[in-house]
Structure formats: C-alpha cells, structure tokens
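Me: I am new to reading protein structures, and I would like to go through this one step by step. Could you help me with some questions?

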Amino acid sequence: MKLPAHHIALALAFACAVTAAWSQSSGASPTPPPPPPAPTAAGFTNAASFGFSPEATGLANTQALQRALDQTGTIVVSQPGTYKIAGTVFIGSHTSVIFGHNVFLKKSDE
C-alpha cells in the first residue's frame, strides 16, 4: 500500500505503539549507535546520507531512517520514489520529517 507523504506522520505515530509492544515481547536487540550527523543546508539532514533509498530493502531503510531521525531537527526525504519500510521508526522531540513530491512509503514484510 502506498501512502502520500503527508499521511505518513499519522501512520508512523500509530506504528510506534505497535513496535514498542513488539520490541518488549520479542527481545529485539538494540540498534547500534548512529553515525555522526550528515549536515545539509541550514540545519536540515538528508535521510539519504544515512542510506535511506528507494533501492534499499525495507529493513535497511527502516534502520537508515531511524539513524537519521535520531539526529533530531528537520529530516528531509527529497528523492522521488517508493521507499520500503519493514518496521516502525520513532520520531523524538524537536524532530520533523519533510517528504518531497512523489515520495511514498510502502510496508514491506521482511
């Protein structure tokens, strides 16, 4: 299922609760520490700098997007395409995500 970028915030918020329960019950291992921030213009962080790509697997994209979100600030996804996501990402305080035109997220069962 493809979701327009402006609907993704609601979908991510809903998915946060589901993943929190899954993580606690499955004993999922913690993710490695994020790499140093990849700066872009005026405090924006490009998620592609962390490996978030339409060509990547759902698991790789989930991990890459989470690493970008962990930087806080404004995260930008500008490359058009359909990005597979195989899990939930958490958006912390003082963090926002901007999706460009023709950017879609697709749930991936990996």
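Reply: Happy to! Keep in mind that this is a predicted model. Let us begin with one residue, Gln 66, which sits in helix α2.

Me: Is Gln 66 buried or exposed?

Reply: Look at how much of the residue can be reached from outside. The relative accessibility of Gln 66 is 14%. A residue under 20% falls in the buried class. So the word for Gln 66 is buried.

Me: Which residues does Gln 66 touch, not counting those up to four places away in sequence?

Reply: Start from helix α2, where Gln 66 has its place. Setting aside residues up to four places away in sequence, its contacts are Thr 88, Val 89 and Phe 90.

Me: Let me step back to the whole protein. In which order do its elements run from the N terminus on?

Reply: There are two helices and six strands to place. Reading from the N terminus on, the order is β-α-β-α-β-β-β-β.

Me: How many bridges join strand β2 to β3, and how many join β3 to β5?

Reply: Strand β3 takes part in both pairings, so let us take them in turn. β2 (residues 44–46) runs parallel to β3, and three bridges join them; here Phe 44 stands opposite Thr 74. On the other pairing, Thr 74 has Ser 96 of β5 as its bridge partner. β5 (residues 95–99) is parallel to β3 too, and the number of bridges joining these two is five.

Me: What is the handedness of the crossover from β2 to β3?

Reply: Follow the chain as it leaves β2. It passes through helix α2 (residues 58–69) before it reaches β3. This β-α-β crossover is right-handed.

Me: Why is strand β3 described as largely enclosed by the rest of the structure?

Reply: Count its buried residues. Strand β3 covers residues 73–77, which makes five residues. It is largely enclosed because the number of buried residues among them is four.

Me: Which residues form the covered face of β4?

Reply: Strand β4 has two faces to tell apart. Thr 82 and Lys 84 make up the uncovered one. The covered face consists of Gly 81, Tyr 83 and Ile 85.

Me: In β6, which residue is the bridge partner of Ile 85?

Reply: First find the pairing: β4 and β6 (residues 103–107) run parallel and are joined by five bridges. Within β6, the partner of Ile 85 is Lys 107.

Me: Which residue meets Lys 107 in a salt bridge?

Reply: The count of salt bridges in this model is one. Both of its residues are exposed. The gap from N to O is 2.4 Å, and the side chain that Lys 107 meets is that of Asp 109.

Me: Are the rings of Phe 52 and Tyr 83 stacked or edge-to-face?

Reply: The structure holds one aromatic pair. Its ring centres, in Phe 52 and Tyr 83, are 4.5 Å apart, with the planes at 10°. Planes under 30 degrees apart belong to one class, and those over 60 to another. At 10°, the pair is therefore stacked.

Me: How far apart in sequence are the parts that this pair ties together?

Reply: Phe 52 belongs to the loop between β2 and α2, whereas Tyr 83 belongs to strand β4 (residues 81–85). Phe 52 is buried at 2% relative accessibility, and Tyr 83 is buried at 1%. The parts that the pair ties together are 31 residues apart in sequence.

Me: What is the C-alpha to C-alpha distance between Leu 59 and Lys 84?

Reply: Leu 59 is in helix α2, and Lys 84 is on the uncovered face of β4. In sequence, Leu 59 and Lys 84 are 25 residues apart. In space, their C-alpha to C-alpha distance is 8.0 Å.

Me: What is the phi of His 94, and where is this residue?

Reply: Most residues other than glycine have a negative phi. His 94 is not a glycine, yet its phi is positive, at about 60°. With 75% relative accessibility, His 94 counts as exposed. Its place is the loop between β4 and β5.

Notes. Residues are numbered from 1 along each chain as its sequence is written. This is a predicted model: local features need pLDDT of at least 70, side-chain atom pairs count only at pLDDT 80 or more; totals for chains, interfaces and linings use all residues. Side-chain values use heavy atoms; hydrogens and water are left out. Buried means under 20% relative accessible area, exposed over 50%, partly exposed in between (1.4 Å probe, protein chains only). Two strands pair if DSSP finds at least two bridges between them. A crossover is right-handed if, with the strands pointing away from the viewer, the path from the first strand over the helix to the second runs clockwise. Rings of Phe, Tyr and Trp (its six-membered ring) pair if their centres lie within 6.5 Å; planes under 30 degrees apart count as stacked, over 60 as edge-to-face and the rest as tilted. A salt bridge is a side-chain nitrogen of Lys or Arg within 4 Å of a carboxyl oxygen of Asp or Glu. Contact means heavy atoms within 4.5 Å.
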